[in-house]
Amino acid sequence: MTFKEYIQTFHIKSFSNLGISLWKIDARTIEQTQGSFLDCHAIIIVESGILTISLKGKEYIMTANSYADVMQLNMLQFIAATSQINAWCLAFSEEYFFKTFPSKAPAEMAYVKYIAEHKTLLLDAFHIQALCHVMQSMDDTFADKENIFRDALLQMKMKILFLEIDNIFHHHIDESSDGDADTSRQQYIFGQFVRLLSENAKREHSVDFYADKLCITAQYLGRIVHNFGHDKVYNMIARAVVGEVEIMLADSSIPLKQIATEMNFSDQSVFTKFFKRQTGKSPMQYRNCLID
């Protein structure tokens, strides 16, 4: 689901229409939203209790003092939580992220690689407390709807949060300074690629389109995507396309031929073959499963 759909489905009260939200995770909401996938960047912090999440279909158990930085297209799903869960989920769109950090990524490339390899992490209680303190401060700002500087304060506090995160992982990751300029550029390009993908997946399915938009070669884009823990650029594009199709299939009033046209497939047969190759089901079989 998109950021806006997430806000509505999970009944998030602390959010800004600019593209950022904060959810104090509760078990009841998770029970009521089983099967919902979140398609935006999210940072999850568990102070106490147990939270089970799924990333790309694989389940991870987060216990006390756990941390996860889930980037877009990881198909985040909340599976279950204990009744006494004390945890936060900060979710934001890539557009909001790049508006907050327009010129320089807030974390080193080593952090991004580390997160790609370690989906969830156990941190010191002291560090978790520091992050939760910032989350609570952000929640207070969300609640202050009459504050004329509310959005600016949220951006400032998000920067503070990432400074805390950068400090924590600076002590966890040993990386030489060689190549820092290139890796920082790669991080920026990857973020721009994800943004372009979210905006154009319905109409553009080729690797060359995105490489041209980024003014780089398809080979270099492939290397960047690989460095961020993904296998191939096309597979990322395909997953994004499937996500758009699944949203349309959920609306039984939209004919399959119309979906094929809106998704820019040459004909319905090509569309059907693509979807079945990616999911193992034809579009009609997938729609029938939703109905059942």
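Does H11 count as buried or exposed, and at what relative accessibility? The legends below take up this residue after a view of the whole chain; the model shown is predicted.

**Figure 1. Overall view of the protein chain in the predicted model.** The secondary structure of the chain consists of 13 helices and nine strands. Measuring along the principal axes, the C-alpha trace extends over about 55 × 45 × 40 Å. The radius of gyration is 20 Å, which agrees with the value near 19 Å that a compact globule of 292 residues would have. Among contacts with a separation of 6 or more, 71% join residues 24 or more positions apart.

**Figure 2. Burial, surface and charge of the protein chain.** Of the 292 residues, 48% count as buried. The accessible surface of the chain amounts to about 14700 Å², and carbon and sulfur atoms contribute 51% of that area. Charged side chains comprise 28 positive and 35 negative groups. The centres of these two sets are 7 Å apart.

**Figure 3. Close-up of helix α5, residues 125-143.** This helix contains 19 residues. From the first C-alpha of α5 to the last, the distance is 27 Å, close to the 27 Å expected at 1.5 Å a residue. The buried residues of α5 are H127, I128, A130, L131, C132, V134, M135, M138, T141 and F142.

**Figure 4. Packing partners of the buried residues of α5.** Strands β1 (14-16), β2 (20-24), β3 (41-48), β6 (66-70) and β8 (86-92) pack against the buried residues of α5. Helix α6 (150-170) also packs against these residues. Among the α5 residues taking part in the buried set are M135 and M138.

**Figure 5. Close-up of H11 in the loop between α1 and β1.** The loop that holds H11 follows α1 (3-9) and leads to β1. H11 is not a glycine, yet its phi is positive, at about 55 degrees. Most residues other than glycine have a negative phi. H11 counts as exposed because its relative accessibility is 57%, and the cut-off for exposed is over 50%.

**Figure 6. Close-up of C215 in the loop between α8 and α9.** C215 is located between α8 (207-213) and α9 (218-227). The phi of C215 is positive, about 60 degrees, although this residue is not a glycine. With a relative accessible area of 71%, C215 is therefore exposed.

Definitions and conventions: Residues numbered from 1 in each chain as written. Predicted model: local features only at pLDDT ≥ 70, side-chain atom pairs only at ≥ 80, totals over all residues. Heavy atoms only, no water. Helix = DSSP H or I, 4+ residues; strand = E, 2+ residues; numbered from the N terminus. Rg over C-alpha atoms; globule rule 2.2 N^0.38 Å. Buried < 20%, exposed > 50% of the residue type's maximum accessible area, 1.4 Å probe, protein only. Contact = heavy atoms within 4.5 Å. Areas by Shrake-Rupley, 256 points an atom, 1.4 Å probe, with all protein chains shown as cover. Lys, Arg positive; Asp, Glu negative; His and termini not counted. Charge placed at Lys NZ, Arg CZ, Asp CG, Glu CD. Expected span 1.5 Å × (residues − 1).
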